[in-house]
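Student: I am new to this structure and would like to learn how to read its features one at a time. Could you walk me through it slowly?

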Amino acid sequence: MLAIRPFRRLLVVNYLCSTADWLSLLALSSFAKELAPGQLAFTFSSVVLVQMLPGLLFAPIGGLLADRFDRRKVMVVCDLLRFGLLISIALVGDPVWLYVGTFLVGCCSMLWIPAKDAAVPNLLTRPEQVETAGQLGLVMTWGVTVISGATLFAAITGVNTWLHLPAQEFGRLYLLQVALAINGLFFLTSAVLVATRIPELSRRGTATGTTATEPSQGIRAMLRDGARFVRDTPLVRGLLLGMAGAFAAGGAVVGSAQSYALSLGGGDATFGLLLAAVFLGLASGMAAAPRLARRLARGRLFGVAIVAAGVALVVVALSPHLALSLAAAVVVGGCAGAAFLTGMTIIGLEIEDAIRGRINALYQLLLKVVVAGAAALAPVLVALLQPTSIRSWGAELTVDGTRPVLLGAGLLALATGVLAYRRLNDRQSGRLLADLRSALGRGRRMKGLLIAVEGTTAADTARQAALLADWLRTGPRVVVLAADPALDDERMSGLLDAAALTGARAQALAAAAVRADVVEKVVRPALDAGAVVVMEQFACSPMTRLPAVAELDTEELDGLAGWAIGTLRPDVSVLLDADPGDSPKHEWRIVTLLAELAGSTPERYLVVDGAGADDEVAERVRLALRALPVARERGRNQVLPGKAAEPASV
């Protein structure tokens, strides 16, 4: 990802602006406290409220600007305005202008964020990179820059402690003015970088996923187009519905967290532990989402994550002990992180570029409105319910209003997660509980090792798969060579001729049926028994090799291939890199697919030079297999023959 120059530079810009956002929150709060010392209890919350208010009012406008105008120009103008506003706040030093300026800075941020988010997919080279880009952006915004902003603020305000500068000469606000000036310079630097170093932000992409009507030129017409798109697109409705329930549950947790800590018999320390558990889970969920997406389609993963978060939140509501509450809070955070990242990925992959800005803005609007509303309503509901004390497992438990509030929030997340799952589920026969078990890893085979051999031609992969299986048989484990009848041209032709299948779709269904039969009868039983299975042409399913079938829509073929193999994925894939030369069009498409797979998860893919004699290629495969991290780990568990070799260049 960092090798993509425009994205790398945008990540630097994101770091500067996010650090400036956190620094401004702290600096403006302290500035307000100094200007109105009698309102100490309300200064921080008032600044937060004023910064959030533009998101509640003007988020759709930011999406409209991102869809209608040059996104790079929108970002530059917003950065320059934020620079000027922060400098003016520092120079004027008036409480009224502080809040007015803070509100205007928030307005600029709400125009800047949708433009940046909508432009990210157009900077990438492959669709599967959208998820990784989302991960990096979230980690930058909610992790690295929080530390950077807080550390920078502490360093600036601590200068007086180190240097003992006389306040009567510099004034009591000079350090905070310096902080705001540095804050503004961050935005100025961002504007210069965006204007001069990232011209690709002006690029408009061509969507391959869900499409919308061509947006009209007028603002009002664009709003109507966006509303119509949400109404007529089940994907977007399910996405927004699911996240609305998840955000409401999250807001309820934030609003009742301190009261909940007291109900457990703890205090501030318990409250801190609960927050740490949620954020630990949040980071873990974002890190695990791409791996989970290999076992579940993203639409189903989104719904499953919200359902699991609701179940975990119910456990939090009913928990009598801190240890159980902490464990459940980690799960809540993990599922929320996975759902949020998956939702952002779906928007980047499935929503057309022409309307992506408006959907991103609506997503951000839901985050702010629902979380803020639920966080404000939760303490009111807690105060209305009278606490009672009960004894559970020998301990006295105070059941106050936090328990029913959290229970209601968990049930709400559970219900909206189920509804979102039904709207986003691209496999109507799939069952929620089965997908939930798959996502959590229950029933997943753990004993066997699946090695796939991929290549441009079936003949090359068949020979190398056989040679690899023969070599592995010299080791301690049982080895199964899963020969796919669909890859045998003679037998496949016989199958198609016997059934008189001449249509492209009929041939694709026949090839998928053969693949599913091999997986069900040969591959899965062998893996469950702990064998090493070598299978040729796993990712490039037989249907991609039929000339007639290769002309069908790529997404349809991918969906059919996914149906045939279910949730099964190779532990190691060996890719034989050979020039297809003057091969037919469908074989060139196979080369492209293999390159994308190898780039997406390089730790599980081996790219081996496929040119030369069979024995030479086989030796390269063996050396590379021993060097791969996954295979070396399994090798220590007596899977590969001989001792693990040092990493080799292949």
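**Reading the model step by step**

Tutor: Let us start with a single residue: L472 is buried, with a relative accessible area of 1%, where buried means under 20% relative accessible area, exposed over 50%, and partly exposed in between, using a 1.4 Å probe and protein chains only. L472 lies in helix α17, which covers residues 458-472, and helices (H or I, at least four residues) and strands (E, at least two) are DSSP runs numbered from the N terminus. Its C-alpha is 9.3 Å in space from that of V534, although L472 and V534 are 62 residues apart in sequence.

Student: Where does G530 sit, and is G530 buried or exposed?

Tutor: G530 is found in the loop between α19 (504-528) and β5 (532-536), and at 11% relative accessibility G530 counts as buried. The C-alpha atoms of G530 and V478 are separated by 7.8 Å, with their positions 52 residues apart along the chain.

Student: What should I know about the origin of the model and the numbering before going further?

Tutor: This is a predicted model, in which local features need pLDDT of at least 70 and side-chain atom pairs count only at pLDDT 80 or more, while totals for chains, interfaces and linings use all residues. Residues are numbered from 1 along each chain as its sequence is written, and side-chain values use heavy atoms, with hydrogens and water left out.

Student: How is confidence read, and in which helices of the chain is confidence lowest and highest?

Tutor: The pLDDT is the predictor's confidence in each residue, from 0 to 100. For the chain the mean pLDDT is 76, and 74% of the residues reach 70 or more. Confidence is lowest in helix α23 (residues 629-636), at a mean of 49, and highest in α3, at 94. Over residues 632-637 the pLDDT is below 50, and beyond near neighbours in sequence this stretch has 11 contacts in the model, a contact being heavy atoms within 4.5 Å.

Student: What does the chain look like as a whole, in helices and strands?

Tutor: Its secondary structure comes to 23 helices and 7 strands, and buried residues make up 49% of the 650 residues. Among the contacts with a separation of 6 or more, 78% are accounted for by residues 24 or more positions apart.

Student: How do I recognise a nonpolar core, and which residues of the largest one touch the most other members?

Tutor: A nonpolar core is a set of buried Ala, Val, Leu, Ile, Met, Phe, Trp, Tyr and Cys residues joined through side-chain atoms within 4.5 Å. The largest one here has 51 residues, of which L10, F31, L180 and L201 touch the most other members. Helices that each supply at least two residues of this core include α1 (5-35), α2 (40-68) and α8 (174-197), and the largest share, 14 residues, comes from α1. Leaving out residues up to four places away in sequence, F31 touches several residues, including I89, L98, L173 and L180. Apart from this core lies another, of 30 residues, among them F302, F340, I347 and A420.

Student: How are salt bridges read, and how many does a search of the whole structure find?

Tutor: Side chains of opposite charge can pair when their charged atoms come close. A salt bridge is a side-chain nitrogen of Lys or Arg within 4 Å of a carboxyl oxygen of Asp or Glu, and a search of the whole structure finds 9. One of them joins D67 and R71, with the closest N and O atoms 3.6 Å apart, and both residues are buried.

Student: Which pairing does R620 make, and where do the two partners lie?

Tutor: R620 forms a salt bridge with E616, the closest N and O atoms being 3.9 Å apart, and both lie in helix α22 (residues 614-627), 4 residues apart, about one turn of the helix. R620 is partly exposed, with a relative accessible area of 21%, and E616 is also partly exposed, with 45%.
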